[in-house]
Amino acid sequence: MLPQTRLKLLFVTPEVTPLVKTGGLADVSAALPAALRELGVDVRILLPGYSRVMEALPDKRLAAKLLNTGFHGEVQLLEAALPDSGVPLLVIDYPQFYERDGGPYIDHNGHDWVDNAQRFALLSKIGAILGGPSSPLDWRPDIVQCNDWQSGLTPAYLHFSPPPGAATIMTIHNMAFQGIFPPLLTTALGLPPSSYSVNGVEYYGQLSFLKAGVFYANHITTVSPTYAEEIQEEPLGFGMQGLLDHRYLDLTGIVNGIDIHEWNPATDKYLPHHYSADDLSGKAANKRTLQHKLGLAENPDIPLLGVVSRLTYQKGLDLLPAIVPALLGHPVQIVILGSGEAALEEEFIALAQAHPDQIAAVIGFNEGLSHLIEAGADIFLMPSRFEPCGLNQMYSQCYGTPPVVHATGGLRDTVVDATPENMNNGTATGFVFNHATVHGLQACITRALDAYGDKNRWNRIQVNGMRRDFSWNKSAREYLALYEEVLQRI
Ligand code: ADP
Ligand code: GLC
């Protein structure tokens, strides 16, 4: 197909798969730009040059030197390409901020880097420079799309820069992370004192990077239509519901897609056995492999419940331990892969030690195991209290692993509950519950286990999910239509 447009987009993000990932934002930051490129968009990704990024990109070249960033000394901008898709990358080479051992946001002890405000103000500032008239590059974006608080100051910097500047879009992947810092930093980071106001970057007596983005961007998006509604109210607006409600005409929810090259059970490079909706035998073989690997009883008939998640309040997995005793009364196995809150990690480890045949807990981040769990589990659990979009419920539908989900955000928008009506019309793909409580989760798991007991019914739910199109194709078109609409409007 011929490219439909040469719209130029700068996609500013703090993480991108496979270079640096702490969650779904990294997957979206790789797959959405790649899908937009196929639609003809001239897209470049702007990313901090963390140690692991610098090491993974041997073929980078100098694109520009920046002297007037407002930060001490020279900042180099390097050009490279994202492995696999080849999407052009612009990497910020500023070792004193980014080249260190540890995560992108936290050190080895789990503490935020003390200079996170400066580190991500620099990311934001370079996004604004590249979107404005003083860019050192020939390439000028029409739109700068910012992702989460780490790039939230870009719209503010552009707002206070001389025109002409690119249009800005603030994409919210999670309102729970807001980039909150002491008010004094407002001017230290190069914003005018007047910006520290309710009509500006001020948020309950602090400076908030996310609030800056939400306030100054030309348009705001979030990663599912339901979450776009939810954040206009308490409690999921996290204090910004008033502003978001006020800007509702400038707020669009576009559901994430998934990378169907990375997440396809017929080709998945991490799976020992491939399979498809036409022949699920490979799924049973993956289940055996998973049981073997984690020391569980190797029985094909025991329903295996899988979890791959950050272990935080958002994800609602603290509801699970309370129902484990009741669950273990059934022939059930549970596999948990995750990391996060220490108390929850310890609780799952203790449960696994007490029931080694039935429960396995792996603490840490393990991409290969996450694919094997999606493939080898029978049922996937995602009881999130809130979920802006969520990716694993889509992966699990594609992998014939019907998810059990709380009706919130993107979970509500992407999983079709196995009600009698949805079974009859052939749309049921999982199990949805309305209240994120121990009882709500338990009743829903019981419903899923009942359905699992009816092989014919179960197979229909699996195949309905596996046949759905979760690719980025549709959502990337929605973003493109939105970019064009925003450019016409401003
Ligand atoms: P969030 O970004 O809120 O964590 P998402 O569902 O959007 O939630 O994305 C989470 C992504 O991170 C998925 O790709 C999931 O497989 C992955 N993931 C989460 N925890 C782990 C882990 N411990 N090991 C491997 N992958 C993980
Ligand atoms: C955030 C959200 C998650 C979403 C992801 C990618 O991490 O918690 O729901 O899928 O961003 O947009």
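This section describes two β-sheets of a predicted model and the surroundings of its two ligands.

The sheet that comes earlier in the numbering of strands is open and is built from 9 strands, arranged in the order E3-E4-E5-E2-E1-E6-E7-E11-E12, with mixed pairing. Its edges are formed by strand E3, which covers residues 61–66, and by strand E12, which covers residues 251–253, each of them pairing on one side only. Between neighbouring strands of this sheet the average turn, with direction ignored, is 25°. Within the sheet, strand E1 (residues 8–12) lies beside strand E2 (residues 42–48), and these two strands pair in the parallel sense over 5 bridges. One of the residues involved is Leu 9, whose bridge partner in E2 is Val 43.

A further open sheet consists of 6 strands, in the order E15-E14-E13-E16-E17-E18, and here the pairing is parallel. Strand E15 (359–363) and strand E18 are the edge strands, since each pairs on one side only. Neighbouring strands of this sheet are turned against each other by 20° on average, direction again being ignored. Strands E13 (residues 304–311) and E14 (residues 333–340) are joined in the parallel sense by 8 bridges, and in this pairing Leu 304 stands opposite Gln 333 of E14. Helix H11, formed by residues 320–327, lies across E13, E14, E15 and E16, and the helix runs at about 165° to E14.

Strand E17 (residues 403–406) of this sheet can be followed in greater detail. On one side, strand E16 (residues 379–382) pairs with E17 in the parallel sense over 3 bridges, and the bridge partner of Phe 380 in E17 is Pro 403. The chain passes from E16 through helix H14 (residues 392–398) to E17, and the β-α-β crossover that results is right-handed. E17 is also joined by 3 bridges to strand E18 (residues 431–433), the two strands running parallel, and here His 406 has Phe 433 of E18 as its bridge partner. In a regular strand, side chains alternate between the two faces of the sheet. In E17, Pro 403 and Val 405 lie on one side, whereas Val 404 and His 406 lie on the other, and all four residues are buried, so that both faces of the strand are covered.

Ligand 1 is surrounded by 20 residues, and the closest are Gly 24, Arg 310, Lys 315, Gly 364 and Leu 391. A backbone N or O atom of Gly 24 lies 2.6 Å from an oxygen atom of this ligand, while an N or O atom in the side chain of Lys 315 is 2.8 Å from an oxygen atom of ligand 1. A nitrogen atom of ligand 1 is also placed 2.7 Å from a polar backbone atom of Gly 364.

Around ligand 2 there are 13 residues, of which His 173, Asn 256, Glu 387, Cys 389 and Gly 390 are the closest. The side chain of Glu 387 contributes an N or O atom that is 2.5 Å from an oxygen atom of ligand 2, and a backbone N or O atom of Cys 389 lies 3.0 Å from an oxygen atom of the ligand. For Gln 314, a polar side-chain atom is found 3.1 Å from an oxygen atom of ligand 2.

Terms used:
Residues are numbered from 1 along each chain as its sequence is written. Chains are lettered from A and ligands numbered from 1 in the order in which they are written. This is a predicted model: local features need pLDDT of at least 70, side-chain atom pairs count only at pLDDT 80 or more; totals for chains, interfaces and linings use all residues. Side-chain values use heavy atoms; hydrogens and water are left out. Buried means under 20% relative accessible area, exposed over 50%, partly exposed in between (1.4 Å probe, protein chains only). A crossover is right-handed if, with the strands pointing away from the viewer, the path from the first strand over the helix to the second runs clockwise. Axes are lines fitted to C-alpha atoms, for helices over the stretch in contact, and angles run from 0 to 180 degrees between N-to-C directions. Contact means heavy atoms within 4.5 Å. A residue is near a molecule or strand if one of its heavy atoms lies within 4 Å of it. A polar contact is a pair of N or O atoms within 3.5 Å; within protein, one must be able to donate a hydrogen and the other to accept it, and residues adjacent in sequence count only if both atoms are side-chain atoms.
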